[in-house]
Amino acid sequence: MSKIAAIAQVLRRTPFWKWPFLVVTTINVGAASDERILRTLRKIRIEAGKWPDVILGQEFGDRASLKRKIIALGYWIQEGTGQPGQGSTPAFFRKEDMEPGLPWHIRLLGHVFGGKGAGPSWIKPKWADGERPKHKASGRWVRAASVHGPASQENPLRFALFRKFVTRLLNAAVWKVITIIGGDWNTKDQQLHWLTQIMQEHGWTSSDIESSTQLVTHGDHLYDMIWWRKTRLLHFV
């Protein structure tokens, strides 16, 4: 029996609930209080049976106190090199479960004019901010990053910027390790259809696709989700 076949046989004999779990969450804090966000993380801890290994955050630019409180729960933070826009999309990694690796940051949009829409007409730089830590329980290296797409994509100019944003992400995110991108994509029906199509064409899947459930957030929108490159090493639960 080959080594690969032997490993496959062992996996088939091992119940999935005994496999090492990687718990990833994405969270847009918006105007929620620090206490509400911490309650949410504790709820995830109860439901998942452990603290999230990776927290991918958005709208953290002015939330220094919340960053400190999450770090105090046993995390380190990866929020870039101080470039404009990076501090808004930090990634947090749990020290108990993850071994630090190389940081990585991809600028997806510069300081660009977005025209009419939510927030300023000039959109601040958009980044994929993250790191490549090792998941201790599985021994696997994981690239994980947080993103936040331009708002008001029903505006043609802003949707064009979002298409550029996604294309740059796909062109940069071609690695042979487990790659996970979570965030607030700011997609409504039409934009989500485009996003889903292009991501699947490039071999990606999402939490909404794998769960066969579209998670409604921000009231009644389809904004927040986690995407990852499909691989036999990662099974959605």
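Of the 237 residues in the protein chain, buried ones make up 45%. Keep in mind that this is a predicted model. The chain has six helices and twelve strands, and if you look at its contacts with a separation of 6 or more, 68% of them come from residues 24 or more positions apart.

Let's start with the core. In soluble globular proteins, nonpolar side chains tend to be buried together. Here the largest nonpolar core has 25 residues, and the members that touch the most others are Phe-162, Phe-165, Val-166, Ile-181, Trp-185, Leu-195 and Met-199. Several elements feed into this core: strands β5 (98-109), β9 (140-148) and β12 (224-229), plus helices α4 and α5, each supply at least two residues. The top contributor is α4, which puts in seven.

Ile-181 is a good residue to click on if you want to see how this core is put together. Leaving out residues up to four places away in sequence, Ile-181 touches Leu-56, Trp-104, Ala-145, Val-147, Leu-169, Trp-204, Met-225, Ile-226 and Trp-227. Apart from this core there is another one, of 14 residues, and Ile-55, Phe-60, Leu-66 and Phe-92 are among them.

Now for the helix pairs. Two packed helices are described by the angle between their axes and the distance between the axes. Take α4 (residues 156-172) and α5 (residues 189-201) to begin with: their axes come within 11 Å and cross at roughly 20°. An angle under 35 degrees counts as roughly parallel, so α4 and α5 are roughly parallel to each other. The crossing of α4 past α5 is right-handed. On the α4 side, the contact is made by Phe-159, Phe-162, Arg-163, Val-166 and Leu-170, while α5 brings Gln-191, Trp-194, Leu-195, Ile-198 and Met-199. Sort the residues of this contact by type and you get eight nonpolar, one polar and one charged. Some names should ring a bell: Phe-162, Val-166, Leu-195 and Met-199 were also listed among the core members that touch the most others.

The other pair is α2 (residues 34-48) with α3 (64-72). Their axes are 10 Å apart and the helices pack at an angle of about 30°, which makes α2 roughly parallel to α3. Here, too, α2 passes α3 in a right-handed crossing. From α2, the residues Asp-34, Glu-35, Ile-37, Leu-38 and Leu-41 meet Ser-65, Leu-66, Lys-69 and Ile-70 of α3. The mix in this contact is five nonpolar, one polar and three charged. Leu-66 of α3 is also one of the members of the 14-residue core.

Next, a couple of backbone oddities. Most residues other than glycine have a negative phi, and most peptide bonds are trans. Glu-59 goes the other way on phi, with a positive value of about 60° although it is not a glycine. You'll find Glu-59 in the loop between β2 (54-58) and α3, and at 33% relative accessibility this residue counts as partly exposed. Ser-152 has a positive phi as well, of about 55°, and it is not a glycine either. Ser-152 sits in the loop between β9 and α4. Is Ser-152 buried or exposed? With a relative accessibility of 14%, Ser-152 counts as buried, because the cut-off for buried is under 20%.

Two more spots are worth a stop. Val-23 is placed in the loop between α1 (3-13) and β1 (24-28), and it is buried, with a relative accessible area of 12%. What does Val-23 touch, not counting residues up to four places away in sequence? Its contacts are Ala-48, Lys-50, Trp-51, Pro-52, Asp-53 and Val-54. You can also pair Val-23 with Asp-97: they are 74 residues apart in sequence, yet 10.0 Å apart in space, C-alpha to C-alpha.

Finally, turn to Ser-207, which lies in helix α6 (residues 207-211). At 15% relative accessibility, Ser-207 counts as buried. Setting aside neighbours within four places in sequence, Ser-207 is in contact with Met-225, Ile-226, Trp-228 and Phe-236. Measure up Ser-207 against Trp-227 and the two are 20 residues apart in sequence and 6.6 Å apart in space, C-alpha to C-alpha. Met-225 and Ile-226, both touched by Ser-207, also appear in the contact list of Ile-181.

Methods. Residues numbered from 1 in each chain as written. Predicted model: local features only at pLDDT ≥ 70, side-chain atom pairs only at ≥ 80, totals over all residues. Heavy atoms only, no water. Axes fitted to C-alpha atoms, helices over the stretch in contact; angles between N-to-C directions. Helix = DSSP H or I, 4+ residues; strand = E, 2+ residues; numbered from the N terminus. Parallel < 35°, antiparallel > 145°, perpendicular 65-115°, else oblique. Left-handed = near helix turned anticlockwise from the far one by under 90°. Contact = heavy atoms within 4.5 Å. Nonpolar A, V, L, I, M, F, W, Y, C, P; charged D, E, K, R; others polar. Core = buried A, V, L, I, M, F, W, Y, C linked by side-chain atoms within 4.5 Å. Buried < 20%, exposed > 50% of the residue type's maximum accessible area, 1.4 Å probe, protein only.
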